[in-house]
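Subject: Handing over the structure

Hi there,

Here is the structure I promised to pass on to you. Have a look at it first, and then read on for what turned up in it.

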Amino acid sequence: MKIFNNLLVRVICGILLGILLGIYAPEWLYRILLTFQSLFSNFLKFAIPLIMMGLIMPSIADLGKNAGKLLLITVGIAYVFTLFSGFSTYLVGEAIFPSLLQGEQLASLAENSVKSAPYFTIEMPPLADVMSALVFSFIIGIGLSFREETKLTDVIREFGDIIKWLIIKAIIPILPFYILCIFAEITYSGQVMAIMEVFFKLIVILFVMHICLLIIQYLIAGGISGKNPFKALGTMLPAYATALGTQSSAATIPVTLRQSLKLGISQRIAGFVIPLCATIHLSGSTMKITACALALMMIQGVPYDFSLFAGFILMLGVVMIAAPGVPGGAIMATLGVLNTILGFDESMQGLMVALYIAMDSFGTACNVTGDGAVALIVDKIAKREDSGDRG
């Protein structure tokens, strides 16, 4: 059935089946699930540095090719919008999450997993740690951006294509089974109700926050471009609706482009900004990741402060620029940063993936709708420069 081709549907089925197995599965079946979870978790540890290198190196290298002022301006606006999304989400979460999550407490899953153990596990040590992969990616990507087309550039692009294939064809299809195993473990340890209550509360509050973020973005864009912000936002709603179904910024580009032209944006600017922003502007995804990470740290009693999340959000903005515009791409690119900066272990990373995908449609819709606001600002700047040159 086509409905089961939808990632969100498969994740929901994985969660429900995981809860049932956690309640009714015999010990031998539960240990099989733990074995699969252990193997896939180790594989993710191995793959995360490769994913970061495969996404970041070609993205930075390609951004530098024929880099004009408008390209830098577009990247700058997308990064500022992303940082605004992350920091505003943290501040709002700090204000409302303590009361929203009051009474919710989740003990460490590791403490409860000792009751059963996987039948076996295979260690898969990564080729490099996450920070080494990030630094290496920046060095190679920036270095290639200042050079003409070389054989190394082609190799890096092919490596990036392989990594995208790995994400789309291998990791993403297996994620629902991985989430199934995690929820079986959570249910087995007696903590599933706390997690599900947090899920539903976050979904509602994040939907409201996404709408508020879009209104703020279009108020800013409208103030700069002179357009009516609410009329402009209404014009972009077909892109929002399309993204709800596709869960992919890249797949929504034709509709986003068509609606941006209806805003009066020139064909030249829209054709440049909209495809670029499908990859580099992920304000909605940043909001989801920041809010979910903060909520999970609160209910697990993990200490945090503003400086910790400031570093996380600043790095998250860079990682979002490299994230592919495919379902689940942003969260896969973020797992390494969640581990190195916030200290998320495999179980918390798995919960982050489940939370993220459960709200993927809303986040993607927020991303692509916000692309119209970025395009409005860039178009106004381009028109000013053109009139200045003629003057």
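Let me begin with one helix pair: helix H6 (residues 151–188) and H15 pack at an angle of about 120°, with their axes 10 Å apart. Helices here are DSSP runs of H or I of at least four residues, strands are E runs of at least two, and both are numbered from the N terminus. The axes are lines fitted to C-alpha atoms, for helices over the stretch in contact, and the angles run from 0 to 180 degrees between N-to-C directions. The angle makes H6 oblique to H15, since angles under 35 degrees count as roughly parallel, over 145 as roughly antiparallel, 65 to 115 as roughly perpendicular and the rest as oblique. H6 passes H15 in a left-handed crossing; left-handed is the word if the near helix is turned anticlockwise from the far one by less than a right angle, and right-handed if clockwise.

On the H6 side, Leu175, Tyr178, Ile179, Ile182, Phe183, Glu185 and Ile186 meet Glu346, Ser347, Gly350, Leu351, Val353, Ala354 and Ile357 of H15. A contact means heavy atoms within 4.5 Å. Sorted by class, this contact has 10 nonpolar, 2 polar and 2 charged residues. For those classes, Ala, Val, Leu, Ile, Met, Phe, Trp, Tyr, Cys and Pro count as nonpolar, Asp, Glu, Lys and Arg as charged, and the others, Gly among them, as polar.

Before going further, a word on where the values come from. This is a predicted model, in which local features need pLDDT of at least 70 and side-chain atom pairs count only at pLDDT 80 or more, while totals for chains, interfaces and linings use all residues. Residues are numbered from 1 along each chain as its sequence is written, and side-chain values use heavy atoms, with hydrogens and water left out.

Now the whole chain. The protein chain has 16 helices and 0 strands. Of its 391 residues, 53% are buried, where buried means under 20% relative accessible area, exposed over 50% and partly exposed in between (1.4 Å probe, protein chains only). Among contacts with a separation of 6 or more, 86% come from residues 24 or more positions apart. The chain exposes about 16300 Å², and carbon and sulfur atoms supply 69% of that area. Such areas come from the Shrake-Rupley method with a 1.4 Å probe; for residues, only the protein chains shown count as cover.

Back to H15, which also packs against H12. H12 and helix H15 (residues 346–358) lie at an angle of about 135°, with their axes 10 Å apart. That makes H12 oblique to H15, and the crossing is right-handed. From H12, the contact uses Ser285, Lys288, Ile289, Cys292, Ala293, Leu296 and Met297, and from H15 it uses Met348, Leu351, Met352, Leu355 and Tyr356. The residues of this contact divide into 10 nonpolar, 1 polar and 1 charged.

One residue of H15 to look up is Ile357. Ile357 is buried, with a relative accessible area of 0%. Its C-alpha atom is separated by 9.8 Å from that of Lys288, 69 residues apart along the chain.

H12 has another partner too. Helix H3 (residues 69–100) and helix H12 (residues 283–299) pack at an angle of about 30°, with their axes 8 Å apart. H3 and H12 are therefore roughly parallel to each other. Their crossing is right-handed. Residues in the contact include Ser85, Gly86, Thr89 and Tyr90 of H3 and Thr286, Met287, Thr290 and Ala291 of H12. By class, the contact of H3 with H12 holds 9 nonpolar, 8 polar and 1 charged.

Is Thr290 of H12 buried or exposed? At 0% relative accessibility, Thr290 is buried. Leaving aside residues up to four places away in sequence, Thr290 touches Gly86, Thr89, Tyr90, Phe309, Ile313 and Leu316.

Finally, two residues in helix H2. Pro49 lies in H2 (residues 27–64) and is buried, with a relative accessible area of 3%. Not counting residues up to four places away in sequence, Pro49 touches Pro126, Ala128, Asp129 and Ala133. Ala47 lies in H2 and is buried, with a relative accessible area of 2%. With the same residues left out, Ala47 touches Leu166 and Ile171.

Best wishes
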